[in-house]
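Here are my notes for you, written as numbered points. Keep the viewer open while you read and look up each residue as we come to it.

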Amino acid sequence: MTEPAYLTATRGGYDAIAESCAGPFRAALDDAPLDRALLAAFAEMVRRDHPDPLTVEVGSGHGGTAAYLATHGLSVSGIDLSTAMVEFARRTYPEVGFRVGEMHNLDIDDVSLAGLVSWYSLIHVPEHDRPAVLAEFERVLRPGGYVLLAFQVGDDTLHFDEAFGHEVSLDFHRLDPDAVVATLEAAGFGLVARLVRAPEARHAAAPVPQGFLIGRKPAEQASAASGAG
Ligand SMILES: C[S@@+](CC[C@H](N)C(=O)[O-])C[C@H]1O[C@@H](n2cnc3c(N)ncnc32)[C@H](O)[C@@H]1O
């Protein structure tokens, strides 16, 4: 089956800009205390509930976010569509595992992960494909597993034919938190947390509110105590 044209375009775009975009994208986290606090809280929840806190960052790009999660005690690896981004991440964070993969079709067993993070990667998936992607996230998470999503808030799509001096064809979808919550819930997640923060003044490239959602796959119910009563 041929892949959707937007996946080919996204892969090509990030392959072209990997070496130039990785530094600025990576620096964004250094400048965003709330984002780091949220990642740390997410890591703590995953560790609290899962003795084996196996976590994957999907769309891991430069690798800095996965590396940050690793310093907060998660057994984390990164998956990215772009070979060039994976090469950058491997070189920069050799202590974290990174591999090429695609979020619609993860090379991960059913119910195997304690945590999954999509940190500004769902923004490259058009609305009609988001339910299938969140269903894929639900498939790979264990009962009680957590998902963390980060995205720019809005209802428009920014299209770039040029980025960092390279010819690309990249779409960045801004997302409506209400719509993403509805898609998360339709995929079977319960909402744990929702945060919308104002843009950081120094993030000139994304001067819009930033949205963060944490969802949790329902934990398995303990079977009713036998002989009770
Ligand atoms: C804006 S960057 C975010 C990088 C990183 N997560 C961060 O913390 O900044 C988006 C990344 O998602 C990746 N990506 C986009 N669509 C993807 C898909 N369908 N499957 C896997 N990765 C994807 C891109 O290659 C790119 O590296």
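**Notes on the fold, residue by residue**

1. Let's start with a loop. Val 111 counts as partly exposed, at 43% relative accessibility. You'll find Val 111 in the loop between β3 and β4. Its backbone has a positive phi of about 40°, although Val 111 is not a glycine. Do keep in mind throughout that this is a predicted model.

2. Now hop to another loop, the one between β6 (157–163) and β7 (166–173), where Phe 164 sits. Phe 164 has a positive phi too, about 50°, and is not a glycine. With 39% relative accessibility, Phe 164 counts as partly exposed.

3. What does the record say about this chain? UniProt, in an unreviewed entry, lists residues 57–145 as "domain: Methyltransferase". That annotation may be inferred rather than shown by experiment. Over residues 57–145 the chain is 33% helix and 27% strand. The C-alpha atoms at the two ends of that stretch are 14 Å apart.

4. Helix α3 covers residues 64–71, and its buried residues are Gly 64, Thr 65, Ala 66, Ala 67 and Leu 69. What do the buried residues of α3 pack against? Two helices, α1 (5–30) and α2, are on the list, along with the strands β1 (54–58), β2 (75–80), β3 (97–100) and β4 (113–119). Just after α3 comes Gly 73, which takes a positive phi of about 90°.

5. Is Tyr 14, a residue of helix α1, buried or exposed? Tyr 14 is buried, because its relative accessible area is 11% and the cut-off for buried is under 20%. Leave aside the neighbours within four places in sequence, and Tyr 14 is in contact with Cys 21, Phe 25, Ser 82, Ala 84, Met 85, His 124, Leu 170 and Phe 172. If you'd like a distance to try in the viewer, go from Tyr 14 to Val 117: they are 19 Å apart in space, C-alpha to C-alpha, and 103 residues apart in sequence.

6. For a contrast in accessibility, look at Arg 91 in helix α4 (residues 83–92). Arg 91 is exposed, because its relative accessible area is 52% and exposed means over 50%. Here's another distance to check: Arg 91 and Gly 63 are 28 residues apart in sequence, and their C-alpha atoms are 9.6 Å apart in space.

7. On to charges. Side chains of opposite charge can pair when their charged atoms come close. How many salt bridges does the structure hold? There are twelve. One of them joins Arg 11 to Glu 3, with the closest N and O atoms 2.7 Å apart. Arg 11 is partly exposed at 25% relative accessibility, and Glu 3 is partly exposed at 32%.

8. Arg 216 and Asp 49 form a salt bridge as well, and their closest N and O atoms are 3.3 Å apart. Arg 216 lies in strand β9 (residues 210–216) and Asp 49 in helix α2 (residues 33–49), so this pair ties together parts that are 167 residues apart in sequence. Both count as partly exposed: Arg 216 has 26% relative accessibility and Asp 49 has 27%.

9. Next, take the salt bridge between Arg 194 and Asp 178, where the closest N and O atoms are 3.0 Å apart. The two are 16 residues apart and link distant parts of the chain, with Arg 194 in strand β8 (residues 190–197) and Asp 178 in helix α6 (residues 177–186). Arg 194 counts as partly exposed, at 42% relative accessibility. Back at Asp 49, salt bridges that share partners join Arg 48, Asp 49 and Arg 216 into one network.

10. Last, a pocket. The second largest pocket has a volume of about 220 Å³. Which of its 16 lining residues are closest to the centre? They are Glu 127, Arg 130, Leu 175, Asp 176 and Ala 179. Helices α5 (130–140) and α6 each supply at least two residues of this lining. Sorted by class, the lining has six nonpolar, four polar and six charged residues.

Key
Residues are numbered from 1 along each chain as its sequence is written. This is a predicted model: local features need pLDDT of at least 70, side-chain atom pairs count only at pLDDT 80 or more; totals for chains, interfaces and linings use all residues. Side-chain values use heavy atoms; hydrogens and water are left out. Helices (H or I, at least four residues) and strands (E, at least two) are DSSP runs, numbered from the N terminus. A salt bridge is a side-chain nitrogen of Lys or Arg within 4 Å of a carboxyl oxygen of Asp or Glu. Buried means under 20% relative accessible area, exposed over 50%, partly exposed in between (1.4 Å probe, protein chains only). On a 1 Å grid over the protein atoms alone, a cavity is a set of points where a 1.4 Å probe fits but cannot get out, and a pocket is an open set with protein on both sides within 12 Å along at least five of seven lines; lining residues have an atom within 4 Å of a point. Grid points are joined across faces, edges and corners, and a volume is the space filled by probe spheres set on the points. Ala, Val, Leu, Ile, Met, Phe, Trp, Tyr, Cys and Pro count as nonpolar, Asp, Glu, Lys and Arg as charged, and the others, Gly among them, as polar. Contact means heavy atoms within 4.5 Å.
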